[in-house]
Protein chains: 2
Amino acid sequence: MKLQEARQQFISNWGAFGTHWGINRTMAQIHALLMISPDPLTQDDIMAQLDISRGNTNMNIRELINWGLVDRVILHGERKEYFTAEKDIWKVVRQIVKERKKRELEPMLQLLDKLEDVEGDKRDKQVKAFTDVVSGIKKLGKQADKTLDVMIRAEESWFVGSLMKLFR
Amino acid sequence: MKLQEARQQFISNWGAFGTHWGINRTMAQIHALLMISPDPLTQDDIMAQLDISRGNTNMNIRELINWGLVDRVILHGERKEYFTAEKDIWKVVRQIVKERKKRELEPMLQLLDKLEDVEGDKRDKQVKAFTDVVSGIKKLGKQADKTLDVMIRAEESWFVGSLMKLFR
DNA sequence: TTATATTTTCAGTAATTTTTGAAAATTCAA
DNA sequence: TTGAATTTTCAAAAATTACTGAAAATATAA
């Protein structure tokens, strides 16, 4: 397969993949494009390569910067801003995990704390079913929270090595 | 907090949570409702409690059944079908992991295999950047694939126990 | 069988999300 | 400063996704 075709396929599939994970298609495509681009790109490069509007490009780049997946780069003597993405996939995954933990897991755990001490007789089937499910989720969520904390701090070699031992 | 309010909050938040993970709101809400319901419910119960149409209810129940998260139940001497959801959150998570692995991770790995052997000189910066990223993702993906396989087969106690040791 | 209860389908509609593009704001070289 | 280059904003339009409700299909009791 030729490079150009392979790049297109990668970008398009990474975009489709994103939509299954609550990330919008364009944002995932910009991320894909920047990951496979050896040099930083300008907003106009991205617009041209993905054939999308200036506004769309700008908003999604900004969102990628918020997620910590893309950085602004100032190039010596250039007026325009350039953008670049982390290319080490392990670092990318860690960054995504870190953000999603903060944005989703932590608020969910807070909610569960509130919901767990619902009024009513634990003998009531309805009350029991509810609190059992809520505490189960809370327990698993707390475990996940701790595990992810360690993972976020870990080096790739350490993590993969440990997992290898654990999971053969 | 009163049970009814807590249930409402749980259902509504579980729905919002789902949308961040590529699952539609209603499907996640039906799942939430069934998880906290001690007894199986009919389609009409679900329609009434979530205030949604028959068609919507039916389609999303079927989808939940496809995901292996909800089961049809025939109740002795009853004409109507009843539905129930797995309440052990560890089993729920394992089932979701299993499905997503099959639906997303495996096809992605197949694609990466194809994309990895792109034509062209490895000295070419463009080619190198592309293949480096693709092989990096493939490597991590394969590791994840193996790890998840073991997780799917594991008992909760084994998994949590091992993680505890590993991650303090 | 037949009648009735129940489930499923799906075209049309509604709601939500994404994208555009032009105007406003900002930046920076001269 | 000024003004051209560049970035940002955001109302409106387009695209996508989800939902409704009634008709069709299916299942079951009599």
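## Where the DNA is held

In this predicted model, a phosphate oxygen of DNA strand D sits 2.9 Å from a polar backbone atom of Glu81(A). That's a polar contact, meaning a pair of N or O atoms within 3.5 Å (within protein, one must be able to donate a hydrogen and the other to accept it, and residues adjacent in sequence count only if both atoms are side-chain atoms). Chain B joins in too: a phosphate oxygen of strand D is 2.8 Å from a polar backbone atom of Ser53(B), and one is 2.5 Å from an N or O atom in the side chain of Thr26(B).

By class, the surface near strand D has 1 nonpolar, 8 polar and 7 charged residues. Here "near" means that a heavy atom of the residue lies within 4 Å. Ala, Val, Leu, Ile, Met, Phe, Trp, Tyr, Cys and Pro count as nonpolar, Asp, Glu, Lys and Arg as charged, and the others, Gly among them, as polar.

## How the two chains meet

Chain B has 54 residues in contact with 54 residues of chain A, where contact means heavy atoms within 4.5 Å. The rule finds 4 salt bridges across this interface, each a side-chain nitrogen of Lys or Arg within 4 Å of a carboxyl oxygen of Asp or Glu. One salt bridge joins the side chains of Asp39(B) and Lys125(A), at 2.8 Å from N to O.

## Reading the model

Residues are numbered from 1 along each chain as its sequence is written, and chains are lettered from A and ligands numbered from 1 in the order written. Local features need pLDDT of at least 70, side-chain atom pairs count only at pLDDT 80 or more, and totals for chains, interfaces and linings use all residues, while side-chain values use heavy atoms, leaving out hydrogens and water.
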